[in-house]
Amino acid sequence: MKKRLGIRIDREEAHVITYRNQQWHMETVNSEIDHFNIRGGSRSSTPYGPQDVVSEKKLLERKIHQEKNFFKRLYPMIQEADEILLFGPGEIKNKLARQISSEPRFHKILVNTETADSITKNQKVAFVREYLQ
């Protein structure tokens, strides 16, 4: 029997939905990705002095590393599956799909992505059940 897995993912957290022992189970993995609110730099105390610059490159690199760490925490659950459904709002589900397909150890896993907005716990389970059965 194929092991199927549904992951509802956004920047806050991932809900991993599995079917075990004839019951649907949901585990939550927090992302720990910072929300960057870039504000302008600050002026020095001297008139027309230099202005501090916010380094967007550093913030972007930090965000990329945090996303990769988030995905790595999902890998133990993913490696047991034969088929995965990734759904949720935004672009992070597509980043995870690309990351899974680029990993040689996950080459046999079939990954599907769907867009879904905010839904309740029961709706998440029903969405995965309908899609994967």
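Helices and strands here are DSSP runs, numbered from the N terminus. The model is predicted.

## The sheet

An open sheet of five strands sits in this model, in the order β3-β2-β1-β4-β5. Its pairing is mixed. Strands of a sheet pair through backbone hydrogen bonds, either parallel or antiparallel. The edge strands are β3, residues 23-30, and β5, residues 110-115. Each of these two pairs on one side only. Neighbouring strands are turned by 20° against each other on average, direction ignored.

Strand β1 has partners on both sides. With β2, it runs antiparallel, and five bridges join the two. A hairpin of three residues makes the connection from β1 to β2. With β4, β1 pairs in the parallel sense, again over five bridges.

Some bridge partners can be named. R4 is matched with E83 in β4. L5 stands opposite I84 in β4, and its bridge partner in β2 is T18.

Is β1 enclosed or open to the outside? Five of its six residues are buried, so β1 is largely enclosed by the rest of the structure.

## T18 in strand β2

T18 belongs to strand β2. Is T18 buried or exposed? Buried means under 20% relative accessible area. T18 has 14% relative accessibility, so it counts as buried. Leaving aside neighbours within four places in sequence, T18 is in contact with R4, L5, Q23, W24 and H25. L5, in that list, is also the residue bridged to T18.

## Helices on the sheet

Helix α1 packs on the sheet and touches β1, β2, β3 and β4. The direction of α1 makes about 160° with that of β3. Helix α3, residues 121-132, lies across β1, β2, β3, β4 and β5. Helix α3 runs at about 140° to β4.

Helices α1 and α2 also pack on each other. Their angle is about 60°, and their axes are 11 Å apart. The crossing is right-handed. Which residues of α1 and α2 meet? From α1 come E67, F70, F71, L74, Y75 and I78. From α2 come I92, K95, L96, Q99 and I100. By class, this contact has eight nonpolar, one polar and two charged residues.

## The nonpolar cores

How many residues does the largest nonpolar core have? It has 21. Those with the most contacts inside it are I7, I9, F70, L74, I78, I84 and L96. Two or more residues each come from β1 (4-9), β2 (13-20), α1 (56-78), β4 (83-88) and α2 (92-102). Helix α1 gives the largest share, five residues.

Another core lies apart from this one. It has seven residues, among them L85, F87, A116 and V128.

I7 shows what surrounds one core residue. Beyond its neighbours within four places in sequence, I7 is in contact with A14, H15, V16, I78, I84, L85, L86 and F87. Among these contacts are I78 and I84, which, like I7, are listed with the most contacts inside the largest core. L85 and F87 also touch I7, but these two residues are in the other core.

## E32 and L60

E32 is found in the loop between β3 and α1. Most residues other than glycine have a negative phi. E32 has a positive phi of about 60°, although it is not a glycine. E32 is exposed, with a relative accessible area of 61%. Which residues does E32 contact beyond its neighbours within four places in sequence? They are Q66 and R73.

L60 lies in helix α1. L60 is partly exposed, with a relative accessible area of 48%.

Both residues have a partner that is distant along the chain; the table gives the C-alpha separations.

| Pair | Separation in sequence | C-alpha to C-alpha |
|---|---|---|
| E32 and E12 | 20 residues | 7.2 Å |
| L60 and F36 | 24 residues | 9.1 Å |

Methods
Residues numbered from 1 in each chain as written. Predicted model: local features only at pLDDT ≥ 70, side-chain atom pairs only at ≥ 80, totals over all residues. Heavy atoms only, no water. Core = buried A, V, L, I, M, F, W, Y, C linked by side-chain atoms within 4.5 Å. Buried < 20%, exposed > 50% of the residue type's maximum accessible area, 1.4 Å probe, protein only. Helix = DSSP H or I, 4+ residues; strand = E, 2+ residues; numbered from the N terminus. Contact = heavy atoms within 4.5 Å. Axes fitted to C-alpha atoms, helices over the stretch in contact; angles between N-to-C directions. Left-handed = near helix turned anticlockwise from the far one by under 90°. Nonpolar A, V, L, I, M, F, W, Y, C, P; charged D, E, K, R; others polar. Pairing = 2+ DSSP bridges.
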